[in-house]
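Biologist: I am new to this structure. Please take me through one part of it closely, and then show me what surrounds that part.

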Amino acid sequence: MTLESLYPFLHAGKADVNGVLSDVARSTRDKLTEIAKLRDEVLAADGERIAVCATAVAQRFARGGRMITFGNGGSSTDAEALATLFCAPRSADRPLPAMSLTSDVATLTALANDVGFELVFARPIAAAGRECDIAVGLSTSGGSANVLRGFAQAHDKGMLTVGFAGYSGGAMAEAAERGEIDFLFVMPSASVHRIQEAQTTTYHVLAELTQRALQ
Amino acid sequence: MIADLTAADTAEVFARRSAPTDALATDAQTVARACHAMAQRFHRGGRLLAFGAGSAAADAAHVVVEFVHPVIMGKRALPAVNLAGDPAAMSALTERHGTDESFAAQVYLQGQPADIALGFSVDGRNAAVLRGLEQARDTGLLTVALLGGHGGKIAEMPGLDHAITVHSDDPLVVREMHVTAYHVLWELVHVFLDHPGVLT
């Protein structure tokens with residue numbers, strides 16, 4: 001599909017604001033159709049595994065475990081939102097200990113500056129991770145080196161490891177095959193934005209089901 | 001005791017997303033008009049100031065990354081600032097002025113009339129976001145709100161330029177629609193910016 005076919009008014013050589021607004025509104029509706037379809041695909045492929053994963057996460061919390069989340073860029077904001085969701089859930093739900101590694105900018109920049117960016121998540125996990133804890137890492141490409149190193153370290157510690165990726169899973173799919181990621185959820189899309197949106201739904205559902213498992 | 005869950009539990013929770021997604025699609029003209037207005041501000045040299053509390057603070061950080069570091073190669077970086085991103089500043093302002101003034105105080109200090117204020121509130125009732133948008137309006141910024149529930153007090157704010165409201169009482173569902181909405185805002189702002197003839 002060409003840019004011209006997506007936004008014909010922009011290429012008509014005239015500044016027709018109403019025409020462009022119509023094109024842009026149509027593009028908005030197309031994107032909403034895409035994300036609805038992607039959510040359906042994730043549910044069809046992974047509905048059962050999401051439920052099993054929520055049970056496993058609930059078991060770790062019940063044993064006194066904590067959740068440690070990590071990711072880069074937009075995925076770092078997902079890591080923070082997910083940790084917040086467990087620490088400060090809806091009033092009927094139980095607050096659970098969770099922390100995002102990207103919120104600690106001092107540790108993050110110290111490690112990036114002194115050791116290397118690929119170790120910014122592995123080091124804090126090596127320091128604090130326990131067997132009863134849960135590691136959740138997010139990457140749209142599935143190829144972020146620091147997220148992969150974080151999973152390897154968490155797996156060494158015996159933690160439950162949960163990953164979110166996109167495209168075909170990339171290097172995170174290989175890590176899952178090696179057993180370093182216990183539950184990997186891949187959003188089968190080539191759009192970074194739709195991948196992030198489907199990941200957000202999936203971890204929201206995982207959090208809600210974890211609370212349901214604990215009740 | 002840990003309850004056993006099945007795919008039926010997952011399906012039931014996923015299903016709650018369907019109606020709000022369809023509803024946002026019917027609101028596409030509202031999204032388009034907000035994009036056009038935001039593109040006009042960027043074209044004039046304005047910046048985006050984003051703010052929200054709780055998970056919405058993460059969304060403010062996310063939308064800023066979208067604008068400053070575009071995922072699509074060749075799209076230019078646009079100036080954006082997350083007002084919820086500095087815990088030292090946030091806690092200092094909260095201590096001095098109270099929680100409700102934490103964003104308004106920053107908008108007052110940093111906001112320029114050409115800028116855009118983008119406030120997030122999943123129930124439309126966050127007092128700090130409302131005050132931030134009111135200060136933004138008073139300074140002359142374009143005001144855009146991503147809301148949920150029934151829009152709350154923020155949707156009723158006099159002079160609010162653009163409100164995109166997700167009609168759901170589930171804050172998680174609202175947040176997901178907000179993520180899609182700001183991805184679309186970013187992408188479509190660039191469509192307008194690529195064709196400055198429609199910006200004047």
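Modeller: What follows starts at one central strand of chain A and works outwards.

This is a predicted model. Begin with strand β1 of chain A, residues 67-71. Is it buried or exposed? Five of its five residues are buried, so the strand is largely enclosed by the rest of the structure. In a regular strand, side chains alternate between the two faces of the sheet. Both faces of β1(A) are covered. A:Met67, A:Thr69 and A:Gly71 are buried on one side. A:Ile68 and A:Phe70 are buried on the other.

Now look at its partners. Strands of a sheet pair through backbone hydrogen bonds, either parallel or antiparallel. β1(A) pairs with strand β2 of chain A, residues 98-100, in the parallel sense, over three bridges. Two of the residue matches can be named. A:Met67 has A:Ala98 of β2(A) as its bridge partner. A:Thr69 stands opposite A:Ser100 in β2(A). How does the chain cross from β1(A) to β2(A)? The path goes through helix α3 of chain A, residues 74-87, and this β-α-β crossover is right-handed. That helix, α3(A), also lies across β1, β2 and β3 of chain A. Its direction makes about 160° with that of β1(A).

β1(A) has strand β3 of chain A, residues 134-138, as another partner. Five bridges join these two strands, which run parallel. Here A:Ile68 has A:Ala135 as its bridge partner in β3(A).

Step back to the whole sheet. It is open and has five strands, in the order β2-β1-β3-β4-β5 of chain A, with parallel pairing. Which strands stand at the edges? They are β2 and β5 (183-187) of chain A. Each has a single partner strand, so one side of each is left without a neighbour in the sheet. Neighbouring strands are turned by 15° against each other on average, direction ignored. Helix α2 of chain A lies across β3, β4 and β5 of chain A. It runs at about 155° to β5(A).

Follow the sheet to strand β4 of chain A, where A:Phe164 is found. A:Phe164 is buried, with 32 other C-beta atoms within 10 Å. What does it touch, beyond its neighbours within four places in sequence? Its contacts there are A:Leu138, A:Phe185, A:Gln199, A:Thr202 and A:Tyr203. One of these, A:Phe185, is 21 residues away in sequence, yet the C-alpha atoms of A:Phe164 and A:Phe185 are 4.9 Å apart.

Just past this strand is A:Tyr167, in the loop between β4 (160-166) and α7 (170-177) of chain A. A:Tyr167 has a positive phi of about 50°, although it is not a glycine. It counts as partly exposed, because it has 19 C-beta neighbours inside 10 Å and a buried residue needs 20 or more.

Next comes the meeting of the two chains. 48 residues of chain A are in contact with 44 residues of chain B. On the chain A side, α2, α3 and α8 (192-214) each supply at least two residues. The largest share, 23 residues, comes from α2(A).

One helix pair shows this meeting in detail. Helix α2 of chain A, residues 17-62, packs against α9(B) at an angle of about 145°, with the axes 11 Å apart. The crossing is right-handed. From α2(A), the contact uses A:Val20, A:Val24, A:Ser27, A:Thr28, A:Lys31, A:Leu32 and A:Ile35. From α9(B), it uses B:Thr180, B:Val184, B:Leu188, B:Val191 and B:Phe192.

α9(B), residues 171-193, also meets helix α3 of chain B, residues 28-43. Their axes come within 8 Å and cross at roughly 55°. That angle makes α3(B) oblique to α9(B). This crossing is right-handed. Among the contact residues of α9(B) are B:Val184, B:Leu188 and B:Phe192.

Last, look at the sheet of chain B. Five strands form an open sheet in the order β2-β1-β3-β4-β5, with parallel pairing. Its edge strands are β2 (80-82) and β5 (162-166) of chain B, and each pairs on one side only. Strand β4 of chain B, residues 142-148, is joined to β5(B) by five bridges. Within that pair, B:Leu147 has B:Thr165 as its bridge partner. Helix α4 of chain B, residues 55-68, packs on this sheet and touches β1, β2 and β3 of chain B.

Key. Residues are numbered from 1 along each chain as its sequence is written. Chains are lettered from A and ligands numbered from 1 in the order in which they are written. This is a predicted model: local features need pLDDT of at least 70, side-chain atom pairs count only at pLDDT 80 or more; totals for chains, interfaces and linings use all residues. A residue is buried if 20 or more other C-beta atoms lie within 10 Å of its own, exposed if 12 or fewer, and partly exposed in between; C-beta atoms are placed from the backbone. Helices (H or I, at least four residues) and strands (E, at least two) are DSSP runs, numbered from the N terminus. Two strands pair if DSSP finds at least two bridges between them. A crossover is right-handed if, with the strands pointing away from the viewer, the path from the first strand over the helix to the second runs clockwise. Axes are lines fitted to C-alpha atoms, for helices over the stretch in contact, and angles run from 0 to 180 degrees between N-to-C directions. Angles under 35 degrees count as roughly parallel, over 145 as roughly antiparallel, 65 to 115 as roughly perpendicular and the rest as oblique. A crossing is left-handed if the near helix is turned anticlockwise from the far one by less than a right angle, and right-handed if clockwise. Two residues are in contact if their C-beta atoms, placed from the backbone, lie within 7 Å.
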